[in-house]
Amino acid sequence: MPSCLITGVTGQDGAYLSRFLLGQGYRVFGLLRRSASSDVVGERLDWLGIRDRVTLVDGNLVDLSSLIRAVRDCEPDEVYNLAAQSFVAASWRQPLLTGQVTGLGAANMLEALRIARPQARFYQASSSEMFGQARAPRQNETTPFHPRSPYAAAKLYAHWMTVNHRESFGAFACSGILFNHESPLRGIEFVTRKITDGVARIKLGLARELPLGNLEARRDWGHARDYVRAMWLMLRQDAPDDYVIATGRTTSIREFCRLAFYYAQLSHEDHVVAGPGLLRPAEVDVLQGDAAKARRVLGWEPTISLEDMVAEMVEADLARHRARMRA
Ligand code: NDP
Ligand code: GDR
């Protein structure tokens, strides 16, 4: 039975990737950082009904010794490094922590593998945010990077460390440059989930307004279920490499709002308001990925449309709020 270790197992992608790999017959270990709120830890794994099937091991990305111990205990064939301080807006308020977790944390994991498990295949969760002020209308693996936030700068360091371990030590280390991907398990602070949660509250009479920041920014949004499959495919190849994963379609925040409100038979124009403090010190205006390489080499294609994803997210938030109202 192949085995894997997933950092960030309690996050959106960690939960979907765990379920996917369990379905492929893997033994799944997940790195869990200690928290005083242990009652809410693993909520997403619960949601997917797989909490009992994932073996949680203690560790923190900023503590190299804990990573070495985890790797020695689990003896994984594959390691997926998904853990990060992943919220771009927070990275200006906590730039050093973001650097330590999102940047140095990846370097720690690579070092832990070099020391304790050099044969393991490694996946690094890189990000389209690294393109930032994008220098090409559609971004692919050859597009130059221009990070616009402490988060993106930290991801860029982690990305190049991954490439460096491949080139220096022959590590089977891949970097997946993933564009935004969402789902009902998306953190509530990210704009898509904030919108679908807002739509549900307004529909159920729990709120009247939804405060948002920049509505003109555009993102290439896919579904997390499609994107975790791409991570696994990267580690199936004969040689390690980097891949852009995207849908190729770009949509504004305003248009996402329109779709989500319309799904609930509401109009965004009646409810969306400008929220104070929600504009970023530097914005990434437009992202649109070109995943031709992933299609050609990995045989990967997105299967879930933006409209279907919006419907799934709004339905899930309506169900969550209805359940809370009944409780
Ligand atoms: P989430 O924010 O949902 O999950 C982040 C995970 O990292 C959580 O499990 C969190 O644990 C864990 N974590 C944070 N700090 C530490 C630490 N010091 N030690 C160990 N674990 C830690 O992110 P997503 O699932 O959305 O994304 C997964 C990865 O992919 C991230 O690296 C993100 O930056 C990257 N990415 C995401 C994209 C997206 O659109 N979703 C696009 C491109 C890249 P806890 O539950 O304890 O907080
Ligand atoms: P992003 O996602 O920064 O692209 O990073 P987010 O959903 O936070 O922002 C997307 C865009 O929406 C605009 N926006 C708002 N954003 C939030 N969060 N809240 C608001 O109220 C709001 N109003 C407008 C933002 O300005 C931005 O332009 C995500 C994360 O998952 C990263 O970890 C990942 O690397 C990238 O996607 C790819």
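In which hand does α7 pass α9, left-handed or right-handed? In this predicted model, α7 passes α9 in a right-handed crossing.

**Helices α7 and α9**

Helix α7 spans residues 191-203 and helix α9 spans residues 253-263. Their axes come within 10 Å and cross at roughly 35°. On the α7 side, the residues in contact are V191, T192, I195, T196, V199 and I202. They meet I253, F256, C257, A260 and F261 of α9. Sorted by class, this contact has nine nonpolar and two polar residues, and no charged residues.

**Helices α5 and α6**

A second helix pair is formed by α5, residues 95-116, and α6, residues 150-169. Here the axes come within 8 Å, with a crossing angle of roughly 15°. Angles under 35 degrees count as roughly parallel, and α5 and α6 are therefore roughly parallel to each other. The crossing of α5 and α6 is right-handed. From α5, the contact includes P95, T98, G99, T102, G103, L104, A106, A107, L110, E111 and R114. From α6, the residues met are P150, Y151, A154, K155, Y157, A158, M161, T162, H165 and F169. By class, the contact of α5 with α6 has 12 nonpolar, six polar and three charged residues.

**Surroundings of the ligands**

Ligand 1 is surrounded by 24 residues, and the closest are T10, R33, N60, S86 and Y151. Around ligand 2 there are 22 residues, of which S86, S127, Y151, R280 and E283 come nearest. S86 and Y151 are thus listed among the closest residues for ligand 1 and among the nearest for ligand 2. Y151 is also one of the α6 residues that meet α5.

The table gives polar contacts of the two ligands.

| Ligand atom | Protein atom | Distance |
|---|---|---|
| ligand 1, oxygen | T10, polar side-chain atom | 2.5 Å |
| ligand 1, oxygen | Q12, polar backbone atom | 3.1 Å |
| ligand 1, nitrogen | N60, side-chain N or O atom | 2.7 Å |
| ligand 2, oxygen | S86, backbone N or O atom | 2.7 Å |
| ligand 2, oxygen | S127, polar side-chain atom | 2.6 Å |
| ligand 2, oxygen | R219, side-chain N or O atom | 2.9 Å |

For ligand 1, T10 and N60 contribute side-chain atoms, whereas Q12 contributes a polar backbone atom. For ligand 2, the atom of S86 belongs to the backbone, while S127 and R219 take part through their side chains. The partner atom in ligand 1 is a nitrogen in the contact with N60 and an oxygen in the contact with T10.

Methods
Residues numbered from 1 in each chain as written. Chains lettered and ligands numbered in written order. Predicted model: local features only at pLDDT ≥ 70, side-chain atom pairs only at ≥ 80, totals over all residues. Heavy atoms only, no water. Axes fitted to C-alpha atoms, helices over the stretch in contact; angles between N-to-C directions. Helix = DSSP H or I, 4+ residues; strand = E, 2+ residues; numbered from the N terminus. Parallel < 35°, antiparallel > 145°, perpendicular 65-115°, else oblique. Left-handed = near helix turned anticlockwise from the far one by under 90°. Contact = heavy atoms within 4.5 Å. Nonpolar A, V, L, I, M, F, W, Y, C, P; charged D, E, K, R; others polar. Near = heavy atom within 4 Å. Polar contact = N/O pair within 3.5 Å; in protein donor to acceptor, adjacent residues only side chain to side chain.
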